[in-house]
Amino acid sequence: MRIPAKKSLGQNFLIDQNIRGKIVDALDLKPTDILLEIGSGRGELTELISQRAGEVYALEIDRRLLKTLTDSLVGRKNIRVINQDILKLDLERLINQNKIKAKIKVFGNIPYYISSPIIEHLLNFHGYLSEIFITVQKEFAARVVAQPGSKEYSSFSCFVQYYTVPKIIFHISKNCFRPSPKVDSSFLGLKIREVPAVSVRDEGLFFKIIRSAFNQRRKILSNSLQEVVTPGILSVFFTKTGLNPNIRPECLTLENFALLANLQFLSKKA
Ligand code: SAM
């Protein structure tokens, strides 16, 4: 019996064989690779992935799909189906319990509405991961890869680019999914950096400054950062960088934000 797709779980199944093939190729799987799949659905992609990877951990939240999923994977010894919400997955525990030594690749054709929480959750475990590949809404992918100066550049671009090197691998038409969503998708790759993009003394302060700056992106920097950076430090920052004090937050690079955060951090220590 066909199980009806649940809109509330973002169940837009990928039915296009060509795109399935392109995704599996892009994952560049080796027999030693350990892959965590988020939202395995009915298991069509899981099956293809398992032919090339060493081990696959297939996560699916919807109990109704588990029978279809396990039935479609019968005989494949390198897949473990886990009925769990990705946002509650303790990846460190999974790694320790299964004595996983290599860094993990993550793949997911994930529900659009939890794209940011999933990326944030996974990046809590960045040290255990090598790459993340996900399908996301096209506009969301543009925000992730956006560079300073563009209107898509946001605090989320900074957060992701601090830990990873993001890349839009290809776009996917909404017609490749059933039921078809309202918007097109992009297949996004996030290569985890060995060390973060910039050197920061206090990550909490660094991200707080970035969030404050973008919270009021229409304001000039000195106004939006009033609560988190002292005027003296801002003035040192503008002197050191030669940037115009009327600059808007979306023009600052990660290096600029790191300098600002480190100056503020050191001033408190002094
Ligand atoms: N992998 C299948 C495919 O490509 O056709 C299904 C993709 S469908 C867009 C998203 C899948 O993620 C669904 O099977 C859904 O039940 C599952 N899902 C939704 N929220 C989830 C969560 N928080 N944790 C794990 N799986 C979730």
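**A walk through the predicted model**

Strand S2 (residues 34-38) runs parallel to S5, and four bridges join the two. The model is a predicted one. Within this pairing, Ile38 has Gly108 of S5 as its bridge partner. S5 also pairs with strand S6 (residues 129-137), again in the parallel sense, over six bridges. In that pairing Phe107 stands opposite Phe133 of S6.

Strand S5 itself covers residues 104-109 and is mostly covered, with six of its six residues buried. In a regular strand, side chains alternate between the two faces of the sheet. For S5 one side carries Ile104, Val106 and Gly108, the other carries Lys105, Phe107 and Asn109, and both faces are covered. Lys105 and Asn109 are thus listed among the buried residues along with Phe107.

Two loops that lead into these strands each hold a residue with positive phi. Asp28 lies in the loop between helix H1 (17-27) and S2. The phi of Asp28 is near 50 degrees, a positive value in a residue other than glycine. Asp28 counts as partly exposed because its relative accessibility is 46%. Lys99 is found in the loop between helix H4 (91-97) and S5. Lys99 is not a glycine either, and its phi is positive, at about 50 degrees. With a relative accessibility of 63%, Lys99 counts as exposed.

On the other side of S2, the loop between S2 and helix H2 (44-50) contains Arg42. Is Arg42 buried or exposed? Its relative accessible area is 13%, under the 20% limit, so Arg42 is buried. Leaving aside residues up to four places away in sequence, Arg42 touches Arg2, Phe13, Leu65, Thr68, Leu69 and Ser72.

Helix H7 (residues 155-163) is another mostly covered element, with eight of its nine residues buried. The buried residues are Phe156, Ser157, Cys158, Phe159, Val160, Gln161, Tyr162 and Tyr163. What covers the buried residues of H7? The cover includes helices H5 (115-123), H6 (138-145), H8 (203-215) and H11, together with strands S7 (164-172) and S9 (185-192).

The loop between strand S8 (177-178) and S9 is the place of Pro179. The peptide bond from Arg178 to Pro179 is cis, with omega near -15 degrees.

After H8, the loop between H8 and helix H9 (221-224) holds Gln216. Gln216 counts as partly exposed, since its relative accessibility is 32%. Not counting residues up to four places away in sequence, Gln216 touches Ser224 and Pro249. Gln216 and Pro249 are 33 residues apart in sequence, while their C-alpha atoms are 8.5 Å apart in space.

The last stop is a helix pair. Two packed helices are described by the angle between their axes and the distance between the axes. Helix H10 (residues 231-241) packs against helix H11 (residues 254-269) at an angle of about 135 degrees, and their axes are 10 Å apart. H10 and H11 are therefore oblique to each other. Their crossing is right-handed. From H10, the contact is made by Ile233, Leu234, Val236, Phe237, Lys240 and Thr241, and from H11 by Asn256, Leu259, Leu260, Leu263, Gln264 and Ser267. By class, this contact of H10 with H11 has seven nonpolar, four polar and one charged residues.

Terms used: Residues numbered from 1 in each chain as written. Predicted model: local features only at pLDDT ≥ 70, side-chain atom pairs only at ≥ 80, totals over all residues. Heavy atoms only, no water. Axes fitted to C-alpha atoms, helices over the stretch in contact; angles between N-to-C directions. Parallel < 35°, antiparallel > 145°, perpendicular 65-115°, else oblique. Left-handed = near helix turned anticlockwise from the far one by under 90°. Contact = heavy atoms within 4.5 Å. Nonpolar A, V, L, I, M, F, W, Y, C, P; charged D, E, K, R; others polar. Buried < 20%, exposed > 50% of the residue type's maximum accessible area, 1.4 Å probe, protein only. Pairing = 2+ DSSP bridges.
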